[in-house]
Amino acid sequence: METEEYVAMLHRMVDALARRLSDDPAGLVHVEPLRQHLRDAMNIAIAINQDKPGGYSFGELAKILGMRRESVYDRALKGRSLTAAMRARLGVINLREHRKARLQRAALPERHVAEGRHRACSAQGPGIAPAHLENRRAFTLE
């Protein structure tokens, strides 16, 4: 799905929300948090774009968005802050430590990733997992 199609879908959903809220005005309390969520999404998208190799510059984003370069920079700062807070809340920052502790507790050595695939998988050829890995259950945090 193209970005434009995705945005059109969101517009249709917002239109449907407006019709729904006309029958349930108490639901209007959800509109402001939704606006903030969209604003945060824009800030996070700007921050992520800035971190990508070949991403748009602040000046280019300012031209695209029709705002000052400084405003785009401020949005990128907010986006980085939001992303860091989200990762901390979800525990993403601690995943490496969690892995290390589990391996130590199991008395197993660290196995590094080779070219984006686990070494145990790369010997079998691209896209082919060894038989002992095929039916593994999803990892869950305790």
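A residue is called buried when its relative accessible area is under 20%, exposed when it is over 50%, and partly exposed when it lies in between. This vocabulary will be used throughout the following account of the structure, which is a predicted model.

The overall plan comes first. The protein is built from seven helices and two strands. Read from the N terminus, its elements follow the order α-α-α-α-α-β-β-α-α. The chain has 142 residues, and 15% of them count as buried.

Helix α2 offers a suitable place to apply the definition. Within this helix, E32 and R35 are three residues apart, which is about one turn of the helix. Their side chains meet in a salt bridge, with a distance of 3.2 Å from N to O. Side chains of opposite charge can pair when their charged atoms come close. How accessible are the two partners, E32 and R35? R35 has a relative accessibility of 47% and therefore counts as partly exposed. E32, with a relative accessible area of 42%, is likewise partly exposed.

The structure holds four salt bridges, and the pair just described is one of them. Another salt bridge is formed by R80 and D51, whose closest N and O atoms are 3.4 Å apart. This pair links distant parts of the chain: R80 belongs to helix α4, residues 69–90, while D51 belongs to helix α2, and 29 residues separate them. The partners fall into two classes of accessibility. R80 is partly exposed, because its relative accessibility is 32%, whereas D51 reaches 55% and is therefore exposed.

The surroundings of R80 can be followed a little further. R80 lies in helix α4, and Q50 is 30 residues away from R80 along the chain. The C-alpha atoms of R80 and Q50 are separated by 9.9 Å. A further pair of positions may be examined in the same manner. Y56 is placed in the loop between α2 and α3, the latter covering residues 58–65. Between Y56 and I46 the separation is ten residues in sequence, and 8.9 Å in space from C-alpha to C-alpha. As for its accessibility, Y56 stands at 45% and so counts as partly exposed.

A further salt bridge joins the side chains of E110 and R99, at 2.4 Å from N to O. This pair, too, links distant parts of the chain, with the two positions eleven residues apart: E110 is in the loop between α5 (95–105) and β1 (113–114), and R99 is in helix α5. With a relative accessibility of 36%, E110 counts as partly exposed. R99 is also partly exposed, at a relative accessible area of 41%.

The loop between α5 and β1 contains A107 as well. What is the phi angle of A107? The angle is positive, about 55 degrees, although A107 is not a glycine. A107 has a relative accessible area of 67% and is therefore exposed.

Attention may now turn to the second largest pocket. This pocket holds about 530 Å³ of space. Its lining consists of 13 residues, and those nearest its centre are Y6, V7, L10, L38 and A41. Which helices each supply at least two residues of this lining? They are α1, residues 3–23, and α2, residues 31–51. The largest share of the lining, nine residues, is supplied by α1. When the lining of the second largest pocket is sorted by residue type, nine residues are nonpolar, three are polar and one is charged.

Two of the residues nearest the centre of the pocket, Y6 and L10, also appear in a patch on the surface. Together with M1 and M13, Y6 and L10 form a nonpolar patch with about 460 Å² of accessible area. Y6 lies in helix α1, and its relative accessibility is 45%, so Y6 counts as partly exposed. In Y6, therefore, a residue of the pocket lining is partly exposed and takes part in the nonpolar patch.

How values were computed
Residues are numbered from 1 along each chain as its sequence is written. This is a predicted model: local features need pLDDT of at least 70, side-chain atom pairs count only at pLDDT 80 or more; totals for chains, interfaces and linings use all residues. Side-chain values use heavy atoms; hydrogens and water are left out. On a 1 Å grid over the protein atoms alone, a cavity is a set of points where a 1.4 Å probe fits but cannot get out, and a pocket is an open set with protein on both sides within 12 Å along at least five of seven lines; lining residues have an atom within 4 Å of a point. Grid points are joined across faces, edges and corners, and a volume is the space filled by probe spheres set on the points. Helices (H or I, at least four residues) and strands (E, at least two) are DSSP runs, numbered from the N terminus. Ala, Val, Leu, Ile, Met, Phe, Trp, Tyr, Cys and Pro count as nonpolar, Asp, Glu, Lys and Arg as charged, and the others, Gly among them, as polar. Buried means under 20% relative accessible area, exposed over 50%, partly exposed in between (1.4 Å probe, protein chains only). Patches are made of residues with over 30% relative accessible area and no salt bridge: like charges are joined within 9 Å, nonpolar side chains (Val, Leu, Ile, Met, Phe, Trp, Tyr) within 5 Å. Accessible areas come from the Shrake-Rupley method with a 1.4 Å probe; for residues, only the protein chains shown count as cover.
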